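Dear colleague,

I am passing on the structure below, and after it you will find my notes on what turned up in it. Please read them with the coordinates open beside you.

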Amino acid sequence: MPNSSPEEFLVEKGLVTNRSWERRQLLGCLGCKWSANATAEETPSVYGYQIARCIGGSDSVIQRHLATLEEKGLLSSEIEQGDQASLGHKPKRFFYPASSPLGQEFVENLSPNELCRTKDPKLPFPKKYQF
């Protein structure tokens, strides 16, 4: 059964000690994207820029939070293969749920943000990023 919030799950498991507004938004976006795109045949994945665009945050902050979740064993990642480097583009790092029991429990605790810009891009950015 899911906890009160995905961030509370991380705190209860001892995986994080502090709470972060950006992390809460990131977790909500993961919940939104993965609930919208999950199928039995396909593992849902996201890359940092998608999340940054969704919440209107800094790509570097989002990447740091995603890397931390990967270090804790909740996410796995792969770097996009292809001709991106030869075209002068930085390859994308796609994150997806870790196959470990902890990773699966993490995904079960995710829930979409109330104001999910993935489902409705016309929604305003969260107040923190409004100018």
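In what order do the elements of the protein chain run from the N terminus on? The order is α-α-β-α-α-β-β-α, which amounts to five helices and three strands in the protein chain. Please keep in mind throughout that this is a predicted model. The protein chain has 131 residues, of which 37% count as buried, and among its contacts between residues at least 6 apart in sequence, 60% join residues at least 24 apart.

I begin with the sheet, which is open and made of three strands in the order β1-β3-β2, with antiparallel pairing. Because β1 and β2 (75-79) stand at the edges and have a single partner strand each, one side of each is left without a neighbour in the sheet. The antiparallel pairing of β2 with β3 runs over five bridges, and that of β1 with β3 over two bridges. On the β1 side, Val46 stands opposite Phe95 in β3, while Tyr47 stands opposite Phe94 in β3. Phe95 of β3 is also the bridge partner of Ser77. Strand β3 covers residues 93-97 and includes Pro97, which counts as buried because its relative accessibility is 11%. Pro97 and Ser45 are 52 residues apart in sequence, yet their C-alpha atoms are 7.7 Å apart in space.

Next come the aromatic rings, for which a search of the whole structure finds two pairs. The first one I describe is that of Phe9 and Phe106, whose ring centres are 6.3 Å apart and whose planes stand at 35°, so the pair is tilted. Since Phe9 lies in helix α1 and Phe106 in helix α5 (residues 101-108), this pair ties together parts that are 97 residues apart in sequence. Both Phe9 and Phe106 are buried. The other pair, Tyr47 and Phe94, is edge-to-face, with 5.2 Å from centre to centre and 70° between the planes. Here the parts tied together are 47 residues apart in sequence, because Tyr47 lies in strand β1 (residues 46-47) and Phe94 in strand β3. Tyr47 counts as buried at 17% relative accessibility, whereas Phe94, with a relative accessible area of 23%, is partly exposed.

Which residues have the most contacts inside the largest nonpolar core? They are Leu10, Leu30, Leu69 and Phe106, in a core of 22 residues. At least two residues of this core come from each of α1 (6-12), α2 (21-37), α3 (48-55) and α4, and α2 gives the most, with five residues. Phe106 deserves a separate look: leaving aside residues up to four places away in sequence, Phe106 touches Phe9, Leu10, Leu27, Leu30, Leu69, Leu74 and Leu75.

Two of the helices can be described face by face. An α-helix has 3.6 residues a turn, so residues three or four places apart point the same way. In α3, the buried residues are Gly48, Ile51, Ala52, Cys54 and Ile55. Because they cover an arc of only 160° around the axis, they are on the same side of α3. After α3 comes Gly56, whose phi is positive, near 75°.

Helix α4 (residues 59-71) has 13 residues, which at 1.5 Å a residue should span 18 Å, and this agrees with the 18 Å between its end C-alpha atoms. Where do the buried residues of α4 fall when seen down its axis? The residues concerned are Val61, Ile62, His65, Leu66 and Leu69. They fall within an arc of 135°, so they line one face of the helix. Ser60, Arg64 and Glu71, on the other side of α4, are exposed. Gly73 follows α4 and has a positive phi, near 90°.

If you want somewhere to start in the viewer, I suggest Phe106, which is both among the residues with the most contacts inside the largest nonpolar core and one partner of the tilted aromatic pair.

With best regards

Conventions:
Residues are numbered from 1 along each chain as its sequence is written. This is a predicted model: local features need pLDDT of at least 70, side-chain atom pairs count only at pLDDT 80 or more; totals for chains, interfaces and linings use all residues. Side-chain values use heavy atoms; hydrogens and water are left out. Helices (H or I, at least four residues) and strands (E, at least two) are DSSP runs, numbered from the N terminus. Buried means under 20% relative accessible area, exposed over 50%, partly exposed in between (1.4 Å probe, protein chains only). The expected span of a helix is 1.5 Å times one less than its number of residues. The arc is that of the directions from the helix axis to the C-beta atoms. A nonpolar core is a set of buried Ala, Val, Leu, Ile, Met, Phe, Trp, Tyr and Cys residues joined through side-chain atoms within 4.5 Å. Contact means heavy atoms within 4.5 Å. Rings of Phe, Tyr and Trp (its six-membered ring) pair if their centres lie within 6.5 Å; planes under 30 degrees apart count as stacked, over 60 as edge-to-face and the rest as tilted. Two strands pair if DSSP finds at least two bridges between them.
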